[in-house]
Amino acid sequence: MILKQLKEKAMKKIKEDFRILDFSFALPYTYVVLEGPEGKAIGLAMTLPEEIGEYKTSFKSPSLKEFIDKTDSLNIIERTLGVATINAISQYYIDLTQSTSQDATDLIDDAKKIAVIGNMPPIVRTLKEQGKEIFVFERNPKLWDRETLSDSLEYYLLPEMDAVIVSGSALLNCTLDMIVERSKKAKKVILTGATAQVLPEFLKGSRVTHLASVKVIDVEKAILNLKMGSFRGFGEQSRKYVIEV
């Protein structure tokens, strides 16, 4: 299970004496801010309110290791805070000298059939302009349009795809394992969005080939905007990147 792999690798990676400065399970993004000897880092995870069954957690006294330990919990709140914490650790350590400023869509020029998992309008629009044959899957009915397919069809259609662009939310709803397993023909499996801030080495062997995410530069300003519910809470304060796993 990929979430278990992330948890184990994150625990082994920690060498500094990290301190959690701030955290919140909130809309639109859950976030965790930590500080180490080299400074601050913020980890993000899209909050999925449609997945919440009960507003209850088993946290005793929130700490870095307790959050990480709950990454593969069946409780969506615990799982989201766990992923956000792993993303904060990842962003603290990540080396962007190996990255590019490309978009995810730049990586799949030679693909004919492309799956977009999670209805991401900017990506869908770009691929349509390129004349690609795309299949857009979405779990949340509120995000469907006339061309969106239910995520229940992923199992059936993914083996036909030449490339797959996956929202990082697939980590949170525990579908990424199935997605990579079924996408055997795909030469590129790209995890994208704010939730895809994972350190590349944590996904070695998973069949995810690239991460397309954001590095927050101005942490304080981003936190302020996120606390006010802005989807662009890290827009001007961040740097987009694509990095190979």
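**Notes on the sheet and the overall fold**

1. Let's start inside the sheet: strands E8 and E9 lie parallel to each other and are joined by three bridges. One pair to click on is Leu191, whose bridge partner in E9 is Leu211. Keep in mind as you look around that this is a predicted model.

2. Now E7, which covers residues 163–167: E7 and E8 also run parallel, with five bridges between them. If you want a residue pair to find this pairing on screen, take Val164 and its bridge partner in E8, Val189.

3. Is E8 mostly covered or mostly open? Strand E8, residues 188–192, is mostly covered. Four of its five residues are buried, where buried means under 20% relative accessible area.

4. Moving on to E9, residues 210–216, and its pairing with E10: here the sense is antiparallel, and the pairing extends over seven bridges. Ser213 is a handy marker, as it stands opposite Tyr241 in E10.

5. Zooming out, these strands belong to an open sheet of seven, and the order across it is E6-E5-E4-E7-E8-E9-E10. The pairing is mixed, and you have already met both senses: E7 with E8 is parallel, while E9 with E10 is antiparallel.

6. Which strands stand at the edges? They are E6 (148–150) and E10 (238–244). Each of the two has a single partner strand, so one side of each is left without a neighbour in the sheet. As for the twist, neighbouring strands of this sheet are turned by 25 degrees against each other on average, ignoring direction.

7. While you are tracing side chains along these strands, a general reminder: in a regular strand they alternate between the two faces of the sheet.

8. For the whole protein chain, the count is eight helices and ten strands. Its radius of gyration is 17 Å, close to the 18 Å that the globule rule gives for 245 residues, so the chain is as compact as a globular protein of that length. Along the principal axes, the C-alpha atoms fill a box of roughly 50 × 40 × 35 Å.

9. A few totals for the protein chain to finish. Of its 245 residues, 54% count as buried. The exposed area is about 11,900 Å², and carbon and sulfur atoms supply 50% of that. Finally, take the contacts between residues at least 6 apart in sequence: 59% of them join residues at least 24 apart.

Terms used
Residues numbered from 1 in each chain as written. Predicted model: local features only at pLDDT ≥ 70, side-chain atom pairs only at ≥ 80, totals over all residues. Heavy atoms only, no water. Pairing = 2+ DSSP bridges. Axes fitted to C-alpha atoms, helices over the stretch in contact; angles between N-to-C directions. Rg over C-alpha atoms; globule rule 2.2 N^0.38 Å. Buried < 20%, exposed > 50% of the residue type's maximum accessible area, 1.4 Å probe, protein only. Contact = heavy atoms within 4.5 Å. Areas by Shrake-Rupley, 256 points an atom, 1.4 Å probe, with all protein chains shown as cover.
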